[in-house]
Amino acid sequence: MKKILTVLGWVIGVVLVMLLSGLAYVSLALPDLDDAPALQVEATPERIANGAYLANHVLVCVDCHSKRDFSLFAGPVVPGTLGQGGEVFNEDLGFPGTFYSKNITPYGIKDWTDGELFRVITTGVTKDGTAIFPVMPYTHYGHMDPEDIKDVIAYLRTLSPIPNDVPKSEASFPFNFILNTIPVEATPVTRPPLDDTLAYGRYLAFSAGCFECHTKPDAQGKKLPGMDFAGGWEMSVGNGHVVTTANITPDPETGIGNWTEEVFVSRFKAYADSSYSPEPVVPGAFQTIMPWVMYAGMKEEDLKAIFAYLQSVEPITHKIEKFR
């Protein structure tokens with residue numbers, strides 16, 4: 001018996017050493033990605049204009065990196081806070097820790113090179129080599145055209161600097177270890193031409209976060225297989241209320257299979273009308289985190305391409321209770 005206990009003790013000891021070694025490797029050696037590229041973005045008027053369009057109306061960087069007023073419908077950006085960061089994503093909202101959006105005005109990124117910004121946007125690895133939480137969908141941005149990413153960087157450099165020092169994000173155990181395993185090298189593509197409607201629409205649907213928000217994740221944050229664009233991601237809007245992302249597959253009963261292109265486009269453009277003013281939301285009334293006012297500025301041809309692509313994906317019957 002004594003010999004068995006001795007052997008068992010050795011086995012447990014070896015397992016513990018292996019476990020601690022694995023955790024040390026994940027914590028200290030990962031993420032193991034290439035250094036930030038030696039990149040200098042030329043701030044041409046064309047780059048800045050396209051970057052402004054992407055950051056405000058497609059990638060909607062300003063959605064998370066500004067202060068939003070959720071006393072109004074769809075939480076429009078509070079004037080004077082564009083890019084200041086500081087928005088909180090914590091356990092109350094279903095996140096494994098407390099994460100803060102960074103200040104992306106020149107005040108917050110003044111010490112970052114263009115290459116460091118490019119790497120963090122496309123791989124999720126910061127200037128000091130640490131991983132950020134993928135509430136910013138860098139896994140999708142890493143599949144974008146590098147020229148689009150450069151345009152966004154050029155635009156961010158033009159924002160008004162806002163002094164706002166953001167706290168450090170902290171992941172909970174064991175996600176603080178898992179987080180380091182998420183970043184991977186970017187696999188960039190060339191943006192498809194507008195006349196290749198389905199390819200261009202797919203490019204936008206992933207870049208603009210349609211897939212990210214309208215595909216339900218599992219408990220570990222991975223997207224559920226076979227549920228692409230079928231909605232179901234529950235998100236807290238405070239006071240015990242939950243909004244659930246919609247099914248945007250072409251299923252005729254529970255998705256947008258009966259929608260026309262005109263209906264789809266007008267659903268967004270209604271918030272771009274000069275007469276539209278976000279209405280106050282009384283406690284308990286329907287609220288959404290969908291940044292309608294931001295997406296409303298998307299070009300009609302881009303919205304049409306997204307609609308065409310969504311109509312081509314697999315229809316999935318998945319009934320959604322949008323608000324409870």
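Trainee: Why is the pair formed by Asp151 and Arg47 called a salt bridge?

Mentor: A salt bridge is a side-chain nitrogen of Lys or Arg within 4 Å of a carboxyl oxygen of Asp or Glu. The closest N and O atoms of Asp151 and Arg47 are 2.6 Å apart, so the pair satisfies that rule. The two residues are 104 residues apart and link distant parts of the chain, with Asp151 in helix 7 (residues 146–156) and Arg47 in helix 2 (residues 45–58). Helices are DSSP runs of H or I with at least four residues, and strands are runs of E with at least two, numbered from the N terminus.

Trainee: On what basis are such values computed?

Mentor: This is a predicted model, in which local features need pLDDT of at least 70 and side-chain atom pairs count only at pLDDT 80 or more, while totals for chains, interfaces and linings use all residues. Residues are numbered from 1 along each chain as its sequence is written, and side-chain values use heavy atoms, with hydrogens and water left out.

Trainee: Why is Asp151 called buried?

Mentor: Buried means under 20% relative accessible area, exposed means over 50%, and partly exposed lies in between (1.4 Å probe, protein chains only). Asp151 has a relative accessible area of 8% and is therefore buried. Its partner Arg47, at 17% relative accessibility, counts as buried by the same cut-off.

Trainee: How many salt bridges are there by this rule, and which residues are linked in a network?

Mentor: The count comes to nine salt bridges. Arg47, Glu147, Lys150 and Asp151 are linked in a network of them. Within helix 7, Glu147 and Lys150 are three residues apart, about one turn of the helix. An α-helix has 3.6 residues a turn, so residues three or four places apart point the same way. The closest N and O atoms of Glu147 and Lys150 are 3.2 Å apart, which also qualifies as a salt bridge.

Trainee: Are Glu147 and Lys150 buried or exposed, or in between?

Mentor: Glu147 has a relative accessible area of 34% and is therefore partly exposed. Lys150, with 18%, is buried.

Trainee: What makes Arg191 and Asp148 a salt bridge?

Mentor: Their closest N and O atoms are 2.4 Å apart. This pair, too, links distant parts of the chain, 43 residues apart: Arg191 is in the loop between helix 8 (175–178) and helix 9 (197–207), and Asp148 is in helix 7. Arg191 is partly exposed at 37% relative accessibility, whereas Asp148 is buried at 2%.

Trainee: What is the orientation of helix 2 to helix 7, and how is it known?

Mentor: Axes are lines fitted to C-alpha atoms, for helices over the stretch in contact, and angles run from 0 to 180 degrees between N-to-C directions. The axes of helix 2 and helix 7 come within 7 Å and cross at roughly 95°. That makes helix 2 roughly perpendicular to helix 7, since angles of 65 to 115 degrees carry that name, those under 35 count as roughly parallel, those over 145 as roughly antiparallel, and the rest as oblique.

Trainee: Why are helix 5 and helix 7 called oblique to each other?

Mentor: The axes of helix 5 (residues 114–123) and helix 7 come within 10 Å and cross at roughly 120°. That angle falls in none of the named ranges, and helix 5 and helix 7 are therefore oblique to each other.

Trainee: Which residues of helix 5 and helix 7 meet, and of which class are they?

Mentor: Contact means heavy atoms within 4.5 Å. Asp114, Leu117, Phe118, Ile121 and Thr122 in helix 5 meet Pro146, Ile149 and Ile153 in helix 7. By class, this contact has six nonpolar, one polar and one charged residues. Ala, Val, Leu, Ile, Met, Phe, Trp, Tyr, Cys and Pro count as nonpolar, Asp, Glu, Lys and Arg as charged, and the others, Gly among them, as polar.

Trainee: Why is Leu59 called buried, and with what is Leu59 in contact?

Mentor: Leu59 has a relative accessible area of 6% and is therefore buried. Its place is in the loop between helix 2 and helix 3 (61–64). Leaving aside neighbours within four places in sequence, Leu59 is in contact with Leu54, Tyr141, Met144, Val152 and Ser207.
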